[in-house]
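Visitor: Could you take me on a close look at a single part of this model? I would like to see one buried spot in its setting, and then something on the surface to set beside it.

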Amino acid sequence: MSFMPVKGTSRRVLSNIAWAFLGKIVSLLSVLFVGILVARYLGPAQYGLLNYVISYVAIFTIISNFGLDDIEVREMSKPGQTCQVTMWTGIRLRLLLAATAYVLIVATTFMFRPENPKAVGFILIYGLSIFPTCLNSVRNYFTSQLLNKHIVQSEIARTIICAAIKIILLYLGASLMWFVIASALDIFIVSIGYYLSLRSHKAEMCSYSADKKLTRYLLIEAFPLMLSSSAIVIYQRIDQVMIGNMIDNESVGYFATAGRFADLVVFVPIVICQTLTPILVKAKSEKSVADYNSNSRIFVSAIVWSSIILALIMSLSAFILIKLTFGQAYLASVPILQIMAWKAVGTALATASGQLIIIDRMQKWTAVRNALGCIVCIILNLLLIPTYGAVGSAVVTVITVAFAGLISNAMIPSYRKYFKIQIEALIYGPSDMLKLKSMYQHGKNT
């Protein structure tokens with residue numbers, strides 16, 4: 001069995017990271033730019049209904065995805081593994097799960113929204129976008145082979161095509177229904193792109209070949225991850241659904257508008273985390289406990305304090321940002337953004353501690369962390385939305401990510417050491433930031 005040279009592997013890994021960042025940046029900027037145009041055109045109420053529909057269906061992707069992504073990547077990354085069989089087994093399994101999810105979408109929609117036939121129709125139309133996600137198994141094949149270039153090219157093509165479609169709809173003065181269809185097309189187009197990339201890369205991989213025994217194995221292996229990811233999806237999406245059900249679609253529009261900018265800030269700690277992680281892994285592998293513990297706190301401080309600075313800037317500039325982009329009609333989003341900007345800090349705490357947990361191979365209790373965050377999110381939304389509306393839900397968002405990323409670590413005995421590092425990082429972060437350069441330089445030299 002032959003393996004790729006180390007230098008070649010390193011080059012491919014760096015290329016993979018570069019392509020992943022490029023794809024994410026293009027996607028975020030496109031979503032923000034086109035989202036602003038669509039939001040200004042539709043107005044808060046219709047824009048809110050569009051986001052309600054997307055969030056409602058997103059909750060059911062828990063079933064259609066079933067936590068299979070990481071398992072598929074792992075299995076297809078194994079030397080000598082038959083990627084073709086794994087990929088097509090995953091596609092077949094995902095189709096069955098998508099059908100189950102769509103049945104539940106239909107049943108629950110008629111159960112909870114029978115008084116609003118327009119919302120029901122939109123959900124049923126957008127819900128069809130669950131089916132093409134079965135081709136995420138193709139995406140996972142490219143990821144397992146360090147071929148992110150094919151993924152990103154497909155996603156950038158999708159971004160350009162779908163942005164053009166929405167701009168044409170704006171020019172034609174289309175109704176909300178067409179924007180719902182266009183949002184569903186986003187997923188169909190990128191899935192088609194994955195398949196076409198597969199055909200151009202390795203045509204023989206397109207020959208159907210699945211394994212029934214492997215289907216059962218994938219289900220068993222993915223189930224714990226499904227439980228963990230379901231909690232994350234619920235507490236990230238349930239707020240807009242609850243606002244729509246308990247208040248109105250206009251409030252969802254204001255909340256979603258604030259969320260567009262909050263997502264830009266949240267992206268930064270993730271990038272910093274991915275950049276600094278290799279240095280921590282080196283310190284861990286060298287078995288230098290003192291260096292590793294010291295670098296761990298610097299690592300957390302860098303991520304958390306960069307997020308604090310960005311959250312402060314975003315919060316202070318919320319009025320200008322909303323007025324210059326989404327316009328006067330969305331000024332009700334300003335107090336929501338001023339609060340939601342601080343979601344970045346909770347996300348930074350969760351991301352940094354989560355990476356330490358993975359490095360230390362302590363993932364056993366991560367599902368508990370996410371489940372606790374999910375419970376807190378639902379309970380607090382039920383308490384605060386009736387009184388404080390979307391602003392109350394913004395407060396809940398910040399509390400939820402802080403609880404899942406910080407407080408839950410104090411409640412789980414195995415994770416209390418990470419809680420201690422987080423508290424120290426919050427206190428000593430500014431001085432730790434001064435040590436960041438020496439940490440990075442040491443990582444390069446070792």
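Guide: Happy to. This is a predicted model, and a good place to begin is the chain as a whole: of its 446 residues, 50% are buried. The fold is built with 16 helices and zero strands. Among the contacts with a separation of 6 or more, 83% join residues that are 24 or more positions apart. The accessible surface amounts to about 20700 Å², and carbon and sulfur atoms hold 68% of that.

Now let us zoom in on Lys 166. You will find Lys 166 in helix α6, which covers residues 148–172. Its relative accessible area is 15%, and because buried means under 20%, Lys 166 counts as buried. What does Lys 166 touch, leaving aside residues up to four places away in sequence? The list begins with Val 34 and Val 38, then continues with Phe 179, Ala 182, Ser 183 and Asp 186.

For the surface, turn to Met 246, which lies in helix α8, a run of residues 212–246. Met 246 has 35% relative accessibility, so this residue is classed as partly exposed. Met 246 also belongs to a nonpolar patch on the surface, together with Ile 247, Ile 378 and Leu 382. Taken together, these four residues offer about 300 Å² of accessible area.

So there is your pair to view side by side: Lys 166, buried in its place, and Met 246, partly exposed.

How values were computed. Residues numbered from 1 in each chain as written. Predicted model: local features only at pLDDT ≥ 70, side-chain atom pairs only at ≥ 80, totals over all residues. Heavy atoms only, no water. Patch = residues over 30% accessible without salt bridge, like charges linked within 9 Å, V, L, I, M, F, W, Y side chains within 5 Å. Areas by Shrake-Rupley, 256 points an atom, 1.4 Å probe, with all protein chains shown as cover. Salt bridge = Lys/Arg side-chain N within 4 Å of Asp/Glu carboxyl O. Helix = DSSP H or I, 4+ residues; strand = E, 2+ residues; numbered from the N terminus. Buried < 20%, exposed > 50% of the residue type's maximum accessible area, 1.4 Å probe, protein only. Contact = heavy atoms within 4.5 Å.
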